[in-house]
Amino acid sequence: MRTYVKNFLLSLVGIGLLLGLWAFLSGNVAKDLPSPLKTWQESKLYVVQPWDKRGEMDQGIGRMTFYSLVRVAKGFSLAILIGTPLGFLLGGSPLLARMFDPVMQVLRPISPLAWLPLGLILFRQSEPAALFTIALCSMWPTVINTMQGVRSIPQDYTNVAKVLRLSPWKQFTKISLPATLPYMFTGYRLSLGLAWLVIVAAEMLTGTPGVGGFLWQEYNSLIYSHILLCILTIGVVGFTLDRLMGMAEARLRAA
Amino acid sequence: MAFIDLREVSKEYGSRRVLANINLAVEEGEFVCIVGASASGKTTLMKIVAGLVAPDSGSITIGGQAVTGFPRTASIVFQNYSLLPWFSALENVRLGVESAFPEWSGVKQKDQAMKYLDLVGLGNAHAKRPGQLSGGMRQRVAIARAFAVEPQVLFLDEPFGALDALTRATVQQELARLCEAQKPKATVLMITNSVDEAILLSDRILALRRRVSGKDAATLSMAAPVTLERPRAADLLMHNEEAVRIRARVTDLLTSGAAKNRAERPGATLAATGAPVEVCSE
């Protein structure tokens, strides 16, 4: 408990130092950067009335975050629905793994900004294009971790399947799947983090309502304090998502 | 032809010869122990008999049928328990029952699993996961899983190797009890590095060893029948003359003597009863 309190206080000090640096920079170096106080004053309306809808691009931060989260949930679901079976397939078959390894290595480092125009050409609408981009960018950790998990199923467990003469389906549900689950969840956590990174880029380019879209819109409207509000929101939400997935993962490992 | 029958089985890993010309005959209902030092090829031999590893040459039959995969009527206990950590003790045992008796109702399968957990004294711990059980308890679950499928053939691959001495003694007695109680009696092939364990449990002891300076492949080299009455208490090993004699003999065979080995007759089969017979499998 004492270390818990200590850590909490220390992190408060860290946040305080950052705010200090921010205030210093906005006051002395970058005059266009709103100070923490100004940011708060101008963002207050959006924070204390988070669900208000005053216009398409003028909505409370809670509502904007919700739009983004729904979009991420869709894209992320798509990513794990494609990524998990793909991971099992590649993990189970060294032949397929060797076949697709170069393809994966090439597709993996492609930025969401590069995928999005392709999505727009393919789907001609911003929403499916955004989902396409999120799924395509965020599925790789799921694929790779699931693959790794399948490959590292201990020989002991495969022997158990052999000597108990389990059917292929039972071997999958009773042995391969539970043995791979912790790896899968590590993949899911990383994928979700990536999906959240991609959402901002996708919304910026497509101009759809959400934290990213709002950020870009306020940049164009020269309301810089709202940009900072969005940045902070993105950080806090991303952190929370990661923590939640981390907790789910820890539970799984303990079980 | 004996129930379990190995003819001229050899195995190499790369250029290393592990087993050479192994002949083995085990009668139905017999409990045979193969004793050997670590890295003598015991586990490889067991895996070959159980159809988990294919030999380079030679034939294996069980009940007259050639062994190609793990036999339907067999079960096995591994040294490292090999329980599935995400299932409870009951679920682990039940998984085996389910695939051995798929025609049974779910209730009957569960009862069967429960019955064998009770037999190894773990009825109360049936809901616990392997991670919550001690090593001895885990191995009991593994033994329950092996017996619950009512096997005709039971393979035991150093089943007590990972247990401390005290736990080892109790679980050994439990295993002996289960084997005695089973009807019809299973044919048991056990691998161990403990001569005492072999004397306590088996009807016949075979020694697996490498000949000259450990460079050659291992061969099975002799049969010592153990005719001691059952149940056999652990202190028997200290006082009983036959036990002492067998131990001296097997230990001697394992530790010494390439010279002795050369004198053995080639091509002899293993005798099930009678005076100790020297057997060689060259």
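Two exercises with worked solutions follow, on a predicted model.

Residues are numbered from 1 along each chain as its sequence is written, and chains are lettered from A in the order in which they are written. Because the model is predicted, local features need pLDDT of at least 70 and side-chain atom pairs count only at pLDDT 80 or more, whereas totals for chains, interfaces and linings use all residues, and side-chain values use heavy atoms, without hydrogens and water.

**Exercise 1.** Describe the contact between chain B and chain A, beginning with how many residues each chain contributes.

*Solution.* Start with the residues in contact (heavy atoms within 4.5 Å): chain B contributes 20 and chain A 15. Next, take the buried area, which is the accessible area (1.4 Å probe) that two parts lose on being put together, summed over both; for chain B and chain A this is about 1,600 Å², with 64% of it on carbon and sulfur atoms. Then look for salt bridges (a side-chain nitrogen of Lys or Arg within 4 Å of a carboxyl oxygen of Asp or Glu): the count between the two chains is 1, and B:Glu98 and A:Lys170 meet in a salt bridge through their side chains, at 2.5 Å from N to O.

**Exercise 2.** Locate A:Thr146 in chain A, and decide whether A:Thr146 is buried or exposed.

*Solution.* A:Thr146 lies in helix H7, residues 140–151 of chain A, where a helix is a DSSP run (H or I) of at least four residues, numbered from the N terminus. With a relative accessible area of 0%, A:Thr146 is buried, since buried means under 20% and exposed over 50% (partly exposed in between; 1.4 Å probe, protein chains only). Finally, setting aside neighbours within four places in sequence, A:Thr146 is in contact with A:Thr84, A:Gly87, A:Phe88, A:Thr180 and A:Met184.

Key
Helices (H or I, at least four residues) and strands (E, at least two) are DSSP runs, numbered from the N terminus.
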